[in-house]
Amino acid sequence: MTRRKLVAGNWKMNGSRAALAELDGIAAAAAAAPNVDVMVAVPFTLIAPAADRAPTLSIGAEDVHEADSGAHTGCVSAAMVKEAGARFTLVGHSERRMDQGETSHDAWAKAAAARRQGLHVISCCGETEAERDADRAERVVQAQIEKSVPDNADGSWFTLAYEPRWAIGTGRTPTLEQIAAIHAIARAKLRTLIGDAADGVRILYGGSVTGDNAATILACDNVDGALVGGASLTAAKFVPIITAAAAL
Ligand code: PEP
(Lines give C-alpha, C1' and ligand atoms only; values in the text may rest on other atoms or scores of the structure.)
Protein backbone atom coordinates (compact mmCIF):
# COMPACT_ATOMS: atom_id res chain seq x y z
CA MET A 1 0.00 0.00 0.00
CA THR A 2 1.24 3.51 -0.77
CA ARG A 3 1.12 5.89 2.12
CA ARG A 4 1.54 9.63 1.54
CA LYS A 5 4.62 11.00 3.24
CA LEU A 6 3.95 13.21 6.25
CA VAL A 7 6.40 15.76 7.62
CA ALA A 8 5.29 17.18 10.95
CA GLY A 9 6.97 19.90 12.98
CA ASN A 10 6.84 20.26 16.75
CA TRP A 11 7.71 23.68 18.07
CA LYS A 12 7.60 22.51 21.71
CA MET A 13 7.74 25.50 24.14
CA ASN A 14 9.28 27.76 21.51
CA GLY A 15 7.97 30.44 19.25
CA SER A 16 6.16 33.73 19.45
CA ARG A 17 3.87 35.71 17.19
CA ALA A 18 6.96 37.08 15.45
CA ALA A 19 8.14 33.53 14.76
CA LEU A 20 4.95 32.81 12.81
CA ALA A 21 6.58 34.51 9.84
CA GLU A 22 8.48 31.21 9.45
CA LEU A 23 5.19 29.60 8.45
CA ASP A 24 5.14 31.60 5.22
CA GLY A 25 8.15 29.75 3.82
CA ILE A 26 6.92 26.44 5.21
CA ALA A 27 3.50 26.92 3.58
CA ALA A 28 5.15 27.79 0.27
CA ALA A 29 7.28 24.61 0.44
CA ALA A 30 4.21 22.57 1.31
CA ALA A 31 2.36 24.00 -1.69
CA ALA A 32 5.30 23.04 -3.89
CA ALA A 33 5.19 19.47 -2.51
CA PRO A 34 1.65 18.28 -3.24
CA ASN A 35 2.65 14.65 -2.64
CA VAL A 36 3.59 15.37 1.00
CA ASP A 37 1.37 16.26 3.97
CA VAL A 38 2.90 18.98 6.12
CA MET A 39 1.78 19.68 9.67
CA VAL A 40 3.12 21.98 12.38
CA ALA A 41 2.31 21.56 16.08
CA VAL A 42 2.66 24.81 18.00
CA PRO A 43 2.12 25.96 21.60
CA PHE A 44 -1.54 26.47 22.54
CA THR A 45 -1.24 30.26 22.45
CA LEU A 46 -0.06 30.22 18.85
CA ILE A 47 -2.65 27.86 17.37
CA ALA A 48 -5.17 30.55 16.40
CA PRO A 49 -2.71 33.05 14.94
CA ALA A 50 -0.80 30.26 13.18
CA ALA A 51 -3.99 28.88 11.64
CA ASP A 52 -4.97 32.41 10.54
CA ARG A 53 -1.57 33.12 9.06
CA ALA A 54 -1.12 29.78 7.28
CA PRO A 55 -4.61 28.52 6.37
CA THR A 56 -3.24 26.02 3.86
CA LEU A 57 -1.02 24.34 6.47
CA SER A 58 -2.29 21.84 8.98
CA ILE A 59 -1.66 23.50 12.35
CA GLY A 60 -1.95 21.37 15.46
CA ALA A 61 -1.59 21.16 19.23
CA GLU A 62 1.22 19.47 21.13
CA ASP A 63 -1.14 17.87 23.63
CA VAL A 64 -4.78 17.77 24.69
CA HIS A 65 -6.52 16.67 27.89
CA GLU A 66 -8.24 13.31 27.87
CA ALA A 67 -11.56 14.76 29.15
CA ASP A 68 -13.93 16.75 26.97
CA SER A 69 -14.34 19.49 29.60
CA GLY A 70 -14.44 19.93 33.36
CA ALA A 71 -12.51 20.84 36.48
CA HIS A 72 -8.96 20.50 35.15
CA THR A 73 -7.25 23.79 35.91
CA GLY A 74 -4.57 24.71 33.43
CA CYS A 75 -5.49 22.02 30.92
CA VAL A 76 -6.82 22.40 27.39
CA SER A 77 -9.35 20.11 25.70
CA ALA A 78 -9.45 18.77 22.17
CA ALA A 79 -12.59 20.84 21.49
CA MET A 80 -10.73 23.99 22.57
CA VAL A 81 -7.74 23.42 20.29
CA LYS A 82 -10.08 22.54 17.46
CA GLU A 83 -12.02 25.77 17.95
CA ALA A 84 -8.70 27.64 17.89
CA GLY A 85 -7.93 26.16 14.49
CA ALA A 86 -6.02 22.95 15.22
CA ARG A 87 -6.53 20.07 12.84
CA PHE A 88 -4.40 17.57 14.74
CA THR A 89 -2.62 16.96 18.01
CA LEU A 90 0.42 15.12 19.24
CA VAL A 91 -0.13 12.72 22.15
CA GLY A 92 2.33 10.78 24.28
CA HIS A 93 5.37 12.84 23.34
CA SER A 94 8.38 11.65 25.32
CA GLU A 95 8.88 15.10 26.84
CA ARG A 96 5.40 14.86 28.33
CA ARG A 97 6.11 11.33 29.48
CA MET A 98 9.28 12.59 31.19
CA ASP A 99 8.14 16.02 32.43
CA GLN A 100 4.51 15.26 33.28
CA GLY A 101 4.75 11.54 33.99
CA GLU A 102 2.33 10.67 31.20
CA THR A 103 1.84 7.00 30.37
CA SER A 104 0.89 5.07 27.27
CA HIS A 105 -2.60 4.75 28.74
CA ASP A 106 -2.79 8.55 28.92
CA ALA A 107 -1.77 8.70 25.26
CA TRP A 108 -4.60 6.27 24.46
CA ALA A 109 -7.16 8.37 26.34
CA LYS A 110 -5.93 11.60 24.73
CA ALA A 111 -6.06 10.02 21.27
CA ALA A 112 -9.65 8.97 21.94
CA ALA A 113 -10.54 12.49 23.09
CA ALA A 114 -8.97 14.00 19.98
CA ARG A 115 -10.82 11.52 17.79
CA ARG A 116 -14.14 12.52 19.37
CA GLN A 117 -13.44 16.03 18.05
CA GLY A 118 -12.38 14.86 14.59
CA LEU A 119 -8.72 15.76 15.08
CA HIS A 120 -5.90 13.80 13.49
CA VAL A 121 -3.59 12.24 16.08
CA ILE A 122 0.17 11.72 16.01
CA SER A 123 0.90 9.31 18.85
CA CYS A 124 4.51 9.02 19.98
CA CYS A 125 6.45 6.07 21.32
CA GLY A 126 10.13 5.28 21.79
CA GLU A 127 12.65 3.75 24.13
CA THR A 128 15.15 5.39 26.48
CA GLU A 129 18.86 4.97 26.00
CA ALA A 130 19.04 2.56 28.95
CA GLU A 131 16.31 0.45 27.40
CA ARG A 132 18.14 0.34 24.08
CA ASP A 133 21.41 -0.53 25.80
CA ALA A 134 19.63 -3.37 27.59
CA ASP A 135 18.41 -4.65 24.22
CA ARG A 136 14.81 -3.90 25.20
CA ALA A 137 13.92 -1.28 22.56
CA GLU A 138 11.66 -3.57 20.54
CA ARG A 139 9.75 -4.86 23.55
CA VAL A 140 9.32 -1.37 25.01
CA VAL A 141 7.95 0.03 21.76
CA GLN A 142 5.63 -2.95 21.31
CA ALA A 143 4.26 -2.47 24.82
CA GLN A 144 3.78 1.26 24.30
CA ILE A 145 1.89 0.64 21.07
CA GLU A 146 -0.25 -2.02 22.69
CA LYS A 147 -1.32 0.36 25.46
CA SER A 148 -1.70 3.55 23.44
CA VAL A 149 -3.31 2.65 20.11
CA PRO A 150 -7.13 2.84 20.13
CA ASP A 151 -9.03 -0.15 18.70
CA ASN A 152 -10.61 2.01 16.03
CA ALA A 153 -7.33 3.52 14.80
CA ASP A 154 -6.83 3.79 11.08
CA GLY A 155 -4.75 5.93 8.80
CA SER A 156 -7.53 8.42 8.13
CA TRP A 157 -7.06 9.91 11.60
CA PHE A 158 -4.15 8.14 13.32
CA THR A 159 -0.39 8.30 12.80
CA LEU A 160 2.32 6.70 14.92
CA ALA A 161 5.69 8.35 15.55
CA TYR A 162 8.69 6.31 16.64
CA GLU A 163 10.97 8.65 18.54
CA PRO A 164 13.82 7.10 20.51
CA ARG A 165 14.15 9.42 23.50
CA TRP A 166 17.92 9.47 23.32
CA ALA A 167 17.76 10.83 19.78
CA ILE A 168 15.45 13.75 20.55
CA GLY A 169 17.29 17.05 20.47
CA THR A 170 20.66 15.36 20.81
CA GLY A 171 21.96 15.31 17.25
CA ARG A 172 22.24 11.52 17.56
CA THR A 173 20.18 9.14 15.44
CA PRO A 174 19.85 5.36 15.34
CA THR A 175 21.38 3.57 12.37
CA LEU A 176 19.13 3.12 9.36
CA GLU A 177 18.98 -0.60 10.20
CA GLN A 178 17.82 0.17 13.72
CA ILE A 179 15.16 2.56 12.43
CA ALA A 180 13.91 0.03 9.86
CA ALA A 181 13.86 -2.74 12.47
CA ILE A 182 11.70 -0.80 14.91
CA HIS A 183 9.38 0.44 12.18
CA ALA A 184 8.89 -3.15 11.02
CA ILE A 185 8.02 -4.39 14.49
CA ALA A 186 5.77 -1.37 15.01
CA ARG A 187 3.88 -2.18 11.79
CA ALA A 188 3.60 -5.83 12.84
CA LYS A 189 2.33 -4.84 16.28
CA LEU A 190 -0.26 -2.52 14.73
CA ARG A 191 -1.41 -5.40 12.56
CA THR A 192 -2.06 -7.59 15.61
CA LEU A 193 -4.10 -4.76 17.14
CA ILE A 194 -6.09 -3.29 14.23
CA GLY A 195 -5.67 -5.84 11.45
CA ASP A 196 -5.46 -4.66 7.86
CA ALA A 197 -6.00 -1.05 8.91
CA ALA A 198 -2.36 -1.16 10.04
CA ASP A 199 -1.27 -0.92 6.43
CA GLY A 200 -2.81 2.53 6.14
CA VAL A 201 -1.29 3.96 9.33
CA ARG A 202 1.74 6.12 8.74
CA ILE A 203 4.73 5.55 11.00
CA LEU A 204 6.96 8.59 11.32
CA TYR A 205 10.52 8.61 12.56
CA GLY A 206 11.47 11.40 14.99
CA GLY A 207 14.75 12.31 16.67
CA SER A 208 17.31 14.78 15.31
CA VAL A 209 15.99 14.75 11.76
CA THR A 210 17.64 17.47 9.66
CA GLY A 211 17.91 18.46 6.04
CA ASP A 212 21.14 16.45 5.94
CA ASN A 213 19.80 13.09 7.10
CA ALA A 214 16.14 13.31 6.03
CA ALA A 215 16.51 11.72 2.60
CA THR A 216 18.18 8.54 3.86
CA ILE A 217 15.91 8.16 6.89
CA LEU A 218 12.75 8.78 4.88
CA ALA A 219 13.82 6.16 2.35
CA CYS A 220 13.83 3.37 4.99
CA ASP A 221 11.17 0.69 4.78
CA ASN A 222 8.05 1.56 6.74
CA VAL A 223 9.21 5.13 7.39
CA ASP A 224 6.31 7.25 6.16
CA GLY A 225 7.60 10.62 7.22
CA ALA A 226 9.27 12.52 10.03
CA LEU A 227 8.36 14.25 13.26
CA VAL A 228 10.77 17.13 13.60
CA GLY A 229 11.51 19.29 16.63
CA GLY A 230 14.44 21.70 16.46
CA ALA A 231 14.67 21.75 12.69
CA SER A 232 11.01 22.74 12.35
CA LEU A 233 11.48 26.11 14.03
CA THR A 234 12.69 27.89 10.92
CA ALA A 235 11.73 27.60 7.29
CA ALA A 236 15.41 27.46 6.39
CA LYS A 237 15.82 24.19 8.31
CA PHE A 238 12.38 22.68 7.82
CA VAL A 239 11.91 23.22 4.10
CA PRO A 240 14.81 20.91 3.07
CA ILE A 241 13.10 18.08 5.00
CA ILE A 242 9.83 18.70 3.15
CA THR A 243 11.74 18.81 -0.12
CA ALA A 244 13.52 15.54 0.69
CA ALA A 245 10.17 13.87 1.39
CA ALA A 246 8.74 15.22 -1.87
CA ALA A 247 11.63 13.77 -3.86
CA LEU A 248 10.99 10.18 -2.75
C1 PEP B 1 10.53 16.02 18.72
O2 PEP B 1 10.37 17.02 19.39
O3 PEP B 1 9.60 15.25 18.55
C4 PEP B 1 11.84 15.80 18.09
C5 PEP B 1 12.00 14.74 17.35
O6 PEP B 1 12.81 16.73 18.33
P7 PEP B 1 14.20 16.90 17.53
O8 PEP B 1 13.87 16.85 16.07
O9 PEP B 1 14.70 18.25 17.96
O10 PEP B 1 15.09 15.80 17.94
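1. A polar contact here is a pair of N or O atoms within 3.5 Å. The model under discussion is predicted, and this cut-off is the one to keep in mind for the ligand contacts in the next point.

2. Gly169 comes within that cut-off through its main chain: one of its backbone N or O atoms lies 2.6 Å from an oxygen atom of the ligand. Ser208 also uses its backbone, with a polar atom there 2.8 Å from a ligand oxygen atom. For Gly229, the distance from a backbone N or O atom to an oxygen atom of the ligand is 2.8 Å. The ligand has 290 Å² of accessible area on its own, and the protein covers 95% of it.

3. On the surroundings of the ligand: 14 residues are found around it, and the closest are Lys12, Glu163, Gly169, Ser208 and Gly229. Sorted by class, this shell holds eight polar, four nonpolar and two charged residues.

4. Which pocket holds the ligand? The ligand sits in the second largest pocket. The space in the second largest pocket comes to about 200 Å³. Its lining is made up of 17 residues, and those nearest the centre of the pocket are Gly169, Ser208, Val209, Gly229 and Gly230. Gly169, Ser208 and Gly229 are also named among the residues closest to the ligand.

5. The classes in the lining of the second largest pocket are as follows: 10 residues are polar, five are nonpolar and two are charged. Glycine is counted as polar in this scheme, a point to remember when reading the glycines named near the centre of the pocket.

6. The largest pocket should be described separately. Its volume is about 340 Å³. It is lined by 14 residues, with Lys12, Met13, Glu62, Glu95 and Arg96 nearest its centre. Lys12 is also listed among the residues closest to the ligand.

7. Which helix gives the most to the lining of the largest pocket? That is helix H4, spanning residues 94-99, with three residues. By class, the lining of the largest pocket contains six charged, five nonpolar and three polar residues.

Conventions
Residues numbered from 1 in each chain as written. Predicted model: local features only at pLDDT ≥ 70, side-chain atom pairs only at ≥ 80, totals over all residues. Heavy atoms only, no water. 1 Å grid on protein atoms, 1.4 Å probe; cavity = no way out; pocket = protein on both sides within 12 Å on 5 of 7 lines; lining within 4 Å. Points joined across faces, edges and corners; volume = space filled by probe spheres on them. Helix = DSSP H or I, 4+ residues; strand = E, 2+ residues; numbered from the N terminus. Near = heavy atom within 4 Å. Polar contact = N/O pair within 3.5 Å; in protein donor to acceptor, adjacent residues only side chain to side chain. Areas by Shrake-Rupley, 256 points an atom, 1.4 Å probe, with all protein chains shown as cover. Sits in = over half its atoms within 2 Å of the grid points.
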